[in-house]
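Biologist: Before accepting the terms used for this model, I should like to hear the grounds for each of them. Please take the domains, their contact, the ligand and the backbone in turn.

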Amino acid sequence: MDNKRANKLGIALVGLGKYSSGQLAPALNETIHCYLAGIVTGTPEKADKWKKKYDVPEKNIYNYSNFDQINDNPDIDIIYIVLPNAMHREYVVRAALAGKHVICEKPMALTVAECDEMIEACKKANRLLSIGYRLHFEPHNVEMMRLGRDKVFGGIKRMIAEDGLAEVEGWRLDKGLAGGGPLMDVGIYCVQGVRYTTGVEPIAVTAKEGKKKDRKRFRDIEESLTWQMEMPDGLMAECKTSYSEELNLLRAEGEKGWFELSPAYEYEGIKGRTSNGNMKFPQINQQARQMDDFADAILNNRPTPVPGEMGRQDVKILNAIYEAMQTGTRIVINN
Ligand code: NAD
């Protein structure tokens, strides 16, 4: 083992798509407590390319059939699942059975029952499970948590959270693989934003599907959606997500002032303002911080701040929002 890798935990990325290649692999060049040790891919050409680019040894390259043999590989401590949403459950369970710690991308899974199975599998294997919630390690978003939870601008009376993309393609448009439309993919950041800014859980939700401009493309999934999350203390959070409009806002209005991020959920370039002026925080590599924190949690035998239980709660809320959308009724969330 060379010096660079000494005392670091090895991560294997499963699914070498856009997020793995564009964000996670480059971030693993900046991490202190972990490094890219292995890859799992169904495409031999990708394996070749990654092997050269990231210096991944042949013995640490797997495909979806021999994946479970990772069990015997001491180089790999953490398996990071970066596959389409509907595949998360199977691969998290297989990673736990292989005796590895697991990071799973958002949304954790399609149903609460799947999340329970994933949490149980990791508990049984005595391995840690975390969800790829990078914004919990991003300074502007962390400041939103402080301002909201410490009631720096008084109790929050109103919240607005919006996240949307103007262009999407591939499995994200396939309900079977994505589990839904923009709500599952980017709307989840609004649910997260409201939860971590207030520090409390929604009591009930109402929702309304937006009018479809492209009925063919969005045959099986919503093109856009607005929903309300009823929080304790009378706060109503107004949220919106879309696959045909760029949206990127997290705003809270308190009794004594307001605070917001826009853009709020990007990989870089997040900007924050309050009624007292601009936030001044550095831009950091969110994915590097997130993976380093997980490695540190394992090394120091402490819990992760973004565990499977947090992912499960989001999946529960997402499903309640869909139920509210489909039935046109207010859906109570039992916490
Ligand atoms: P992508 O389409 O770019 O990559 C998906 C990968 O899965 C590809 O390498 C593809 O070959 C592989 N795959 C294996 N079986 C497949 C199948 N049956 N159908 C389609 N692809 C299959 O997607 P992505 O943008 O990298 O997203 C992957 C996961 O990461 C998703 O769960 C997504 O929500 C999540 N994600 C998270 C963030 C974040 O900021 N945390 C950002 C982007 C994506």
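Modeller: In this predicted model, the domain assignment gives domain 1 as 3-131 and domain 2 as 138-283 + 312-332. The centres of the two domains, taken over C-alpha atoms, are separated by 28 Å. Domain 1 brings 16 residues to the contact and domain 2 brings 16 residues.

Biologist: What makes up the area buried between domain 1 and domain 2?

Modeller: That area is about 1300 Å², and carbon and sulfur atoms give 63% of it. On the side of domain 1, Lys106, Leu110 and Val112 supply 35% of the area buried against domain 2, more than any other three residues.

Biologist: Why is the pair Lys106 and Asp185 called a salt bridge?

Modeller: The term requires a side-chain nitrogen of Lys or Arg within 4 Å of a carboxyl oxygen of Asp or Glu. The side chains of Lys106 and Asp185 meet at 3.3 Å, N to O, and the pair therefore satisfies that limit. Between domain 1 and domain 2 the count is 3 salt bridges, and 7 residue pairs are in polar contact.

Biologist: Which elements give two or more residues to the side of domain 1 that touches domain 2?

Modeller: They are helix H1 (18-27) and helix H4 (112-124). H4 gives the most, with 4 residues. By class, this side of domain 1 has 10 nonpolar, 3 polar and 3 charged residues.

Biologist: How do you know that Arg134 is in polar contact with the ligand?

Modeller: A polar contact is a pair of N or O atoms within 3.5 Å. A polar side-chain atom of Arg134 lies 2.6 Å from an oxygen atom of the ligand, so the pair qualifies. Arg172 has a polar side-chain atom 2.9 Å from a ligand oxygen, whereas Gly17 has a polar backbone atom 3.1 Å from one. Of the 23 residues around the ligand, those that come nearest are Lys18, Asn85, Lys106, Arg134 and Trp171.

Biologist: What makes the backbone at Pro107, Pro263 and Asp55 worth listing?

Modeller: Most peptide bonds are trans, and most residues other than glycine have a negative phi. The bond from Lys106 to Pro107 is cis, with omega near -15°; Pro107 is found in the loop between strand E5 (101-104) and H4. Ser262 and Pro263 are also joined by a cis peptide bond, with omega about 0°, and Pro263 is in the loop between strand E12 (258-261) and strand E13 (272-274). Asp55 is not a glycine, yet has a positive phi of about 60°; this residue lies in the loop between helix H2 (44-54) and strand E3 (61-62).

Definitions and conventions:
Residues numbered from 1 in each chain as written. Predicted model: local features only at pLDDT ≥ 70, side-chain atom pairs only at ≥ 80, totals over all residues. Heavy atoms only, no water. Domains from an automatic or database assignment. Contact = heavy atoms within 4.5 Å. Buried area = accessible area lost by both parts, 1.4 Å probe. Polar contact = N/O pair within 3.5 Å; in protein donor to acceptor, adjacent residues only side chain to side chain. Nonpolar A, V, L, I, M, F, W, Y, C, P; charged D, E, K, R; others polar. Near = heavy atom within 4 Å.
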